[in-house]
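Colleague: Got a minute to walk me through this model? I'd like to hear about the helix packing and then the empty spaces.

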Amino acid sequence: MNDTNYHDSIVNPILLPLNKGLGDFEQPLVTAAVKDLRWNLLREEVSLPSAVLYEERLQHNLAWMQQFVTEYGVKLAPHGKTTMAPALFARQLAGGAWGITLATAHQTRVAYEHGVRRVIMANQLVGKQNMVIVSHLLTDPSFEFCCLVDSAAGVDLLGSFFKARNQTLHVLLELGSDGGRTGVRDAEQQTAVLEAIAHWKGHIVLAGVELYEGVLEEEADIRQFLQRAVTCLGDIAKSGQLGERAALRPVILTGAGSAWYDVVAEEFSKADIGLPLDVILRPGCYLTHDVGVYRASQEQIQTRNPVARQMRTSLLPALQLWAYVQSRPEPGKAIIALGKRDAAFDAGLPQPAKHYRPGTSKPGATPSHWKLTGMMDQHAYMEIAAGDDIKVGDMVAFDISHPCLTFDKWRQIAVVNAEFDVIDVVHTFF
């Protein structure tokens, strides 16, 4: 093959794994040159299947959510586990986010090594090596970090470790609900946790209160849960147990996944504990949105929330998967070169959205009767009508439901503009 073909087919970073280990994070990711290569998705200069982000929609969603939280006077720490893409973290921070939420020590390290300096780890910090990772990051005085606690046993493990290292760890009291996951259930458990924190004074500092409302299904139950958190934080403030935190920086009250963030904003923005307070929302899926579970949730938000209604726009799906038609084995069936290795399928199968035949002018909408009926590892079954104009080699773009489990299948994701030019490549670190 000639040099041009070799460059196009081999050097394309969308096709190649990064092969970066933990020790390589110090080297910045250079994607500026991608735009200069002038690849175009519709000219078949990207290997399919491929996940694709739409630049204009990303910008819209960033601005939309930042405007929403600003209207409520609260702050945003989007959950980074959704994308695990430092380039997208940087966009969110540049757009006004207070910090980034993460779920594990490993994820926290990835974010730190790519410049994130304020993290809520919305999870328990358990295990020696996980504590070692956080301890190392805390040697940087510019790094702000807090994690969750819901038991005296967990607090004691943390206290023993960080006292031995003469370090201070900020923690959030996690509230939970019966039948849910982690979090204290009752006053007795809460008292035990607070007493354990007091025992490790100077090494374990109570930073505030946290919850995750997404384990509940009914709005009335969620509002009651949120009000419990506000009352709890107020009582703790009156007791003086937040003095160490308040002397350093504002106390934290935080919640909100991607489905009920409006209700959390309404309830938490009313909180007044007599101390400087940061109310922080943590939705992660708003950046790319979807056409499944989160579109349904957003439609409910647009209906019930006055701020969302007044904004007159909504979040837009910014992530699609493009793949080829690779077989027409039966009149009413097309086999797509896309499978479970490429797309989330836990909250519904991908939905056909655009159809493009290479060499034509632009993609068109897919017929409403086209739908996936099943997926294997690398194949998807698409139901069509016998006379539909669809051929082997055609390209089909699919909308997805649940972006979290699509992002984690890709190491590189192309970012395209309105003309489908590849203007950047986003790298993920799962």
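Colleague: How do the axes of helix 3 and helix 4 cross, and within what distance do they come?

Modeller: This is a predicted model, to be clear from the start. In it, the axes of helix 3 (residues 55–72) and helix 4 (residues 86–94) cross at roughly 45° and come within 10 Å. That angle makes helix 3 oblique to helix 4. As for the hand, helix 3 passes helix 4 in a right-handed crossing.

Colleague: Which residues make the contact?

Modeller: From helix 3 you have Glu55, Leu58, Gln59 and Leu62, and from helix 4 there are Leu88, Arg91 and Gln92. Sorted by class, that contact has 3 nonpolar, 2 polar and 2 charged residues.

Colleague: Okay, next pair. Are helix 7 and helix 8 roughly parallel or oblique to each other?

Modeller: The axes of helix 7 and helix 8 (residues 187–199) cross at roughly 15° and come within 8 Å. Angles under 35 degrees count as roughly parallel, so helix 7 and helix 8 are roughly parallel to each other. Here too the hand is set: helix 7 passes helix 8 in a right-handed crossing.

Colleague: And what meets what there, between helix 7 and helix 8?

Modeller: On the helix 7 side look at Ala152, Val155 and Asp156; they meet Ala192, Val193, Ala196 and Ile197 of helix 8. By class, this contact divides into 6 nonpolar, no polar and 1 charged.

Colleague: What about helix 11 and helix 12, at what angle do their axes cross?

Modeller: Roughly 40°, with the axes of helix 11 (residues 261–268) and helix 12 (residues 293–304) coming within 9 Å. That makes helix 11 oblique to helix 12. Tyr261, Asp262 and Val263 of helix 11 make the contact with Gln298, Ile301 and Arg304 of helix 12. The classes in this contact are 3 nonpolar, 1 polar and 2 charged.

Colleague: Let's switch to the pockets. How much space lies in the largest pocket?

Modeller: About 490 Å³. It is lined by 28 residues, and the closest to its centre are His79, Lys81, Arg181, Tyr212 and Gly257. The lining of the largest pocket divides into 12 nonpolar, 9 polar and 7 charged.

Colleague: And the second largest pocket, which residues line that one?

Modeller: That pocket has about 220 Å³ of space. Its lining is made of Tyr54, Glu55, Glu56, Arg57, Pro317, Gln320, Lys354, Asp399, Val416, Asn417, Ala418 and Phe420. Going by class, you get 5 nonpolar, 2 polar and 5 charged residues in the lining of the second largest pocket.

Colleague: Which element gives the most to that lining?

Modeller: Helix 3, with 3 residues. You've already met one residue of that lining, Glu55, in the contact between helix 3 and helix 4.

Colleague: Nice. How many cavities of 30 Å³ or more does the structure hold?

Modeller: It holds 3 of them. The largest cavity has a volume of about 60 Å³.

Colleague: What lines the largest cavity?

Modeller: Trp98, Arg118, Val119, Glu144, Phe145, Cys146, His170, Arg245, Arg249 and Ile252. Two elements, strand 4 (118–124) and strand 5 (144–149), give two or more residues to that lining. The largest share, 3 residues, comes from strand 5.

Colleague: How does the lining of the largest cavity split by class?

Modeller: There are 5 nonpolar, 1 polar and 4 charged residues.

Colleague: Last topic, backbone oddities. Where is there a cis peptide bond?

Modeller: Between Leu48 and Pro49, with omega at about 5°. You'll find Pro49 in the loop that runs between helix 2 (32–37) and strand 1 (50–54).

Colleague: And which residue has a positive phi although it is not a glycine?

Modeller: Asn166, at about 55°. Asn166 sits in the loop between helix 7 (152–164) and strand 6 (169–174).

Colleague: Why mention those two spots at all?

Modeller: Because most residues other than glycine have a negative phi, and most peptide bonds are trans.

Technical notes
Residues numbered from 1 in each chain as written. Predicted model: local features only at pLDDT ≥ 70, side-chain atom pairs only at ≥ 80, totals over all residues. Heavy atoms only, no water. 1 Å grid on protein atoms, 1.4 Å probe; cavity = no way out; pocket = protein on both sides within 12 Å on 5 of 7 lines; lining within 4 Å. Points joined across faces, edges and corners; volume = space filled by probe spheres on them. Helix = DSSP H or I, 4+ residues; strand = E, 2+ residues; numbered from the N terminus. Nonpolar A, V, L, I, M, F, W, Y, C, P; charged D, E, K, R; others polar. Axes fitted to C-alpha atoms, helices over the stretch in contact; angles between N-to-C directions. Parallel < 35°, antiparallel > 145°, perpendicular 65-115°, else oblique. Left-handed = near helix turned anticlockwise from the far one by under 90°. Contact = heavy atoms within 4.5 Å.
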